[in-house]
Amino acid sequence: MKNIILKIMKTNRILSLMSILFLGLIVVSCVQDDDYNIPTLEIVEPNITANTTISIVKSMYAGTLVDFTEASNGGELIIEGYVVSNDEAGNFYKVLVLQDAPENPTAAIQLDIDVTALYSKYKPGRKVYVKLNGLGMTNLNGVLHIGSIEGNSVGRISATNYEDYIIRSSEITTLVPKLITPSQYNDNMINMLVQLDNMQLSGSEVGQPYANADDTFTVNRKLKNCDDNSETILRNSGFASFKNELFPTGKGSIVAIFSKYNSDYQLFIRDTEDVDFEGNRCDPLFEDSFSDGTLNKWDPYSVTGAQVWYYNTFGNPADSATMSGFSSGNQTNEDWLISKPIDMTGVTSATLTFQTVKRYAGNDIQVFMSTNYTGGNPNTNGTWTQLTAALDTNINSWSSWTNSGDVDVSAAAGGTLYIAFKYTSTTSASSTWEVDNVEVISN
C-alpha cells in the first residue's frame, strides 16, 4: 500500500510540472520580443457626409441663439472639421476645438462637452463629423460656442450622448498652424491653430511661471512681438499641469489656439511643446516708460532757472518725464534730461524712438546724442550732436501724442551712448513738454 501511495504522489508531481511547462509554452507563444503593448482599436470610417461648412454655420448667428433643429428646416445639418485642441495638459477644459482644414483653414468653432480627457478619443489632427440637430450656438464673450440648448443660451453637451453628435473619422492628419502676425488679428481667426514668430515674454514677466503656482486662478501672461513691439495676452489655466514651470525667457515661435475675450484677442497653448523660445531676446538697449515713478534712468541738469524736469503721473498711457518753465508766469529756463550711459558694445546699428506731447506756446525741445559725456554741465562737457525727430505740434491738446519716428543713433555703435532732451523757455513763452516711452533698439 505504501508503494502505491508513493507512486501516486510522484505521478501528481510530474503532472504538475507538465502543467507549468504547458502554460509557459502558451505564454511564450503569445508574447514575442517582450512586446506587451495593448493592441490599438481601429476606427471604422463612418457612413456620414457633411452637408454644410463651419463657415456657413457661423454665419447663421445674428445676435441671438441659433437652434439648429429649427435652422435645418426639417433636414439635417452636418459639419466636418479637424481637432486642433488638446486637453491632456489641462489648459483646455471640457471643450473641443475644430477647424475646417488641417492647413490654411477658413473657419473654426468650439464645442462645449461635459467630458474631461477628450484627448483620449479626439487627438489633434483627428477628423470628426458633428450632427448639429438638437444643438444650439451662441456668442459668449466674443467667441461662438456650440452646445446643448439651455433656455436662451447653450451649455455643455451631455457626457451620456455626446458621441451621438460627434462622430470620429478614421482619418488623422498633420496639422499645419496658420502663420500670422499681430497686425493680422481678426475675429475670423478665432479658434484656429496659429503660429506667431519673433515672440518673447514681456520684460515685466521674465522669471515668472506659466501660471500662478500658489492657486488655481487663470493667469494672463503678456507676450511681446519683436517686430512691432505689440503685446498679446497668453492665457494659462491654474489647473494646467505645467503651471509651475518657469516660462522660457528667450525669443522664438509660439503655436496656440487663437481666441478672444470681449475686445481682447488672446492665445491658449495646448502644452509647453507649443512654446519654442530658444533664441536671444530682442530687449531694447534702453527703455523707459517712467512707470516706476522715478527719473532714475536719467540725470536732470538745470543750467538756468528754478524749474526742472520731473516725474509726472500723466503720460501715454500714464507716467512721463515732464518740464515746464511756467511758475506764476513765464520763466527763463534751460534744462537737460540726460540718460544714464547706454552700453552699445557689440552693436552695429541702433535706433532711438520716443513720444512727446506739447501744451502751450513756447520753444520746441531739442534732442541730442553724445558718446563722451562724463557728467555735469552738458554745455561744457561732452560733444553733443543734435538729432532730427518728429515732435508734437498741437499745443491745444494733452492727448496729441506724437511718435518720434526712427532716429538713427548708430554713430555710438560699439561704444557708449547718451541721449538728452533739452528744454528752453523765456519770459515770453514757456510750453509744457511730456516725454514718454523712450527706447533705444539694436537693429
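**Confidence**

I started with pLDDT, the predictor's confidence in each residue on a scale from 0 to 100: the protein averages 91, and 91% of the residues score at least 70. This is a predicted model, so I kept local features to pLDDT of at least 70 and side-chain atom pairs to pLDDT 80 or more, while totals for chains, interfaces and linings use all residues. Numbering runs from 1 along each chain as its sequence is written, and side-chain values use heavy atoms, with hydrogens and water left out.

Next I looked up residues 1-36, where pLDDT stays under 50. For that stretch the model has one contact (heavy atoms within 4.5 Å) beyond four places in sequence.

**The cores**

Which residues touch the most other members of the largest nonpolar core? I got L352 and F421, out of 30 residues in that core. My working definition of a nonpolar core was a set of buried Ala, Val, Leu, Ile, Met, Phe, Trp, Tyr and Cys residues joined through side-chain atoms within 4.5 Å. For burial I used relative accessible area: buried is under 20%, exposed is over 50%, and partly exposed is in between (1.4 Å probe, protein chains only).

I then asked which elements give two or more residues to this core, and they are β20 (318-324), β23 (350-359), β24 (366-370), β28 (416-425) and β29 (432-442). Helices (H or I, at least four residues) and strands (E, at least two) are DSSP runs, numbered from the N terminus. There is a second, separate core of 27 residues, and V66, L77, Y165 and I166 are among them. As background, nonpolar side chains tend to be buried together in soluble globular proteins.

I pulled the contacts of L352, leaving aside neighbours within four places in sequence. The list includes V367, L387, D406, I419 and V440.

**F354**

F354 is in strand β23. Buried or exposed? F354 is buried, with a relative accessible area of 2%. Not counting residues up to four places away in sequence, F354 touches V367, A389, L391, T402, N403, S404, F421, D436, N437 and V438. I also checked the C-alpha distance from F354 to S404: 5.4 Å, with their positions 50 residues apart along the chain.

**β24 and S370**

Four of the five residues of β24 are buried, so I logged this strand as largely enclosed by the rest of the structure. Strands count as paired if DSSP finds at least two bridges between them. β24 pairs with β28 in the antiparallel sense over five bridges, and Q366 stands opposite K422 there. β24 also pairs with β25 (residues 384-387), antiparallel again, over four bridges; S370 stands opposite W384 in that pairing.

S370 sits in β24 and is buried, at 2% relative accessible area. A polar atom of the S370 side chain lies 3.4 Å from the backbone nitrogen of Y373. Beyond four places in sequence, S370 touches G382, T383, W384, T416, L417 and Y418.

**The disulfide**

How many disulfides does the structure hold? One, using a cut-off of cysteine sulfur atoms within 2.5 Å. The disulfide joins C226 to C282, S to S 1.8 Å. The torsion about the S-S bond is about -80°, so I noted the disulfide as left-handed. C226 is in the loop between β12 (219-225) and β13 (231-236), and C282 is in the loop between β16 (275-279) and β17 (286-288), so the pair ties together parts that are 56 residues apart in sequence. Both C226 and C282 are buried.

**β13**

I looked at the two faces of β13: T232, L234 and N236 are on the covered one, and E231, I233 and R235 on the uncovered one. β12 and β13 pair in the antiparallel sense over six bridges, with N220 opposite R235. Their hairpin has five residues between the strands, and N229 takes a positive phi near 65°. β13 also runs parallel to β15 (residues 264-268), joined by two bridges; I233 has Q266 as its bridge partner there.

**N161**

My last lookup was N161, in the loop between β8 (153-155) and α4 (162-165). N161 counts as partly exposed because its relative accessibility is 25%. From N161 to A413 I got 67 Å, C-alpha to C-alpha, for residues 252 apart in sequence.

Note on methods. A polar contact is a pair of N or O atoms within 3.5 Å; within protein, one must be able to donate a hydrogen and the other to accept it, and residues adjacent in sequence count only if both atoms are side-chain atoms.
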